[in-house]
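Visitor: I've got a structure to look at and a few things I'd like to ask. Could you walk me through it?

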Amino acid sequence: MGSKNKLKRFKENETFVNVFQPTREEVVSDQFSMKGKWNTDFFKNDHPIVLELGCGKGEYSIGLAERNPNKNFIGIDIKGARFWRGAKTAVENRLHNVAFLRTQIELIDQCFAPNEVSEIWITFPDPQIKYKRTKHRMTNAVFLSNYKKILKPSGLMHLKTDSEFMHGYTLGLLHGAGHEVLYANHNIYLNEGAPAEVTGIQTFYESQYLEVNKPITYIQFRIL
């Protein structure tokens, strides 16, 4: 993507009512105005809030929002030029139950109040395979601790990935820490029982993976 294109998208994001771009200082100093007020100040309802972390172009957030009008969805990514597509689609299609937040995932617990979130989706994250990159894996113990701070006690976590490494690493960590694994499968398109939202929504890259018969894995769990 050219720099002119990026600048154009950044500018357009500023005009979208469904895009929130707090500075790091605002978030770290606990001055982000939406924290604890997503339902009252933006969605204007009391429906459950569902996050998609590392949402990319926002395809999954949009797909979930279309399927679930009685839930509110927030796609989160640090790259605004990417989620511009999702934000624009939501505006064009008048999807009022989806928003986008530009921030770093490690600051997630400072963007939402305790018990404010009902579900979290992690879709096709970078597996960060090298050992020295462990701290950046989105299902490591530190990240899970941060997610737990904002999730309701019965809150659900979803991990959908094409990485067998990420799948195995996460399963091992969950079992080792005594978290509750509700569903786990190494190839959701060849097995029955996966939730419809897992197989019924596909990102652009996921479609490419499926064309070359690359297995897609999925875990649903609770952080205890």
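Visitor: Which residue is the bridge partner of L53 in β3?

Guide: Keep in mind that this is a predicted model. Strand β3 covers residues 72-77 and pairs with β2 in the parallel sense, over five bridges. In β3, the residue bridged to L53 is I76.

Visitor: Which residues of β2 point the other way from I49, L51 and L53?

Guide: In a regular strand, side chains take turns between the two faces of the sheet. For β2, five of its five residues are buried, with I49, L51 and L53 pointing one way. Pointing the other way are V50 and E52.

Visitor: Okay, zooming out: which strands stand at the edges of the sheet?

Guide: The sheet is open and mixed, with eight strands in the order β1-β4-β3-β2-β5-β6-β8-β7. An edge strand has a single partner, so one side of it is left without a neighbour in the sheet. That description fits β1 (19-20) and β7 (180-185).

Visitor: How does β1 pair with β4, parallel or antiparallel?

Guide: Two bridges link β1 to β4, the strand at residues 98-102. One pair to look for is V19 with its bridge partner F100 in β4. The sense of the pairing is parallel.

Visitor: What is the bridge partner of H158 in β8?

Guide: Let's look at both sides of β8. Five bridges join β7 to β8, running antiparallel, and there Y183 stands opposite Q220. Five bridges also join β6 to β8, again antiparallel. On that side, H158 has as its partner Q220.

Visitor: Why is β8 largely enclosed by the rest of the structure, and how many of its residues are buried?

Guide: Helix α7 (residues 164-177) packs on the sheet and touches β6, β7 and β8. Here, buried means under 20% relative accessible area. β8 is largely enclosed because, of its six residues, the number buried is five.

Visitor: Which element gives the most to the lining of the largest pocket?

Guide: That pocket holds about 960 Å³ of space. Elements that give two or more residues to its lining are β2 (49-53), α5 (80-92), β5 (117-123) and α9 (204-211). With four residues, the top contributor is α5.

Visitor: And how many charged residues are in the lining of the largest pocket?

Guide: The lining has 36 residues, and those closest to the pocket's centre are G54, G56, D77, R82 and F124. Sorted by class, 15 of the lining residues are nonpolar and eight are polar. The charged ones number 13.

Notes
Residues numbered from 1 in each chain as written. Predicted model: local features only at pLDDT ≥ 70, side-chain atom pairs only at ≥ 80, totals over all residues. Heavy atoms only, no water. Pairing = 2+ DSSP bridges. Contact = heavy atoms within 4.5 Å. Axes fitted to C-alpha atoms, helices over the stretch in contact; angles between N-to-C directions. 1 Å grid on protein atoms, 1.4 Å probe; cavity = no way out; pocket = protein on both sides within 12 Å on 5 of 7 lines; lining within 4 Å. Points joined across faces, edges and corners; volume = space filled by probe spheres on them. Nonpolar A, V, L, I, M, F, W, Y, C, P; charged D, E, K, R; others polar. Buried < 20%, exposed > 50% of the residue type's maximum accessible area, 1.4 Å probe, protein only.
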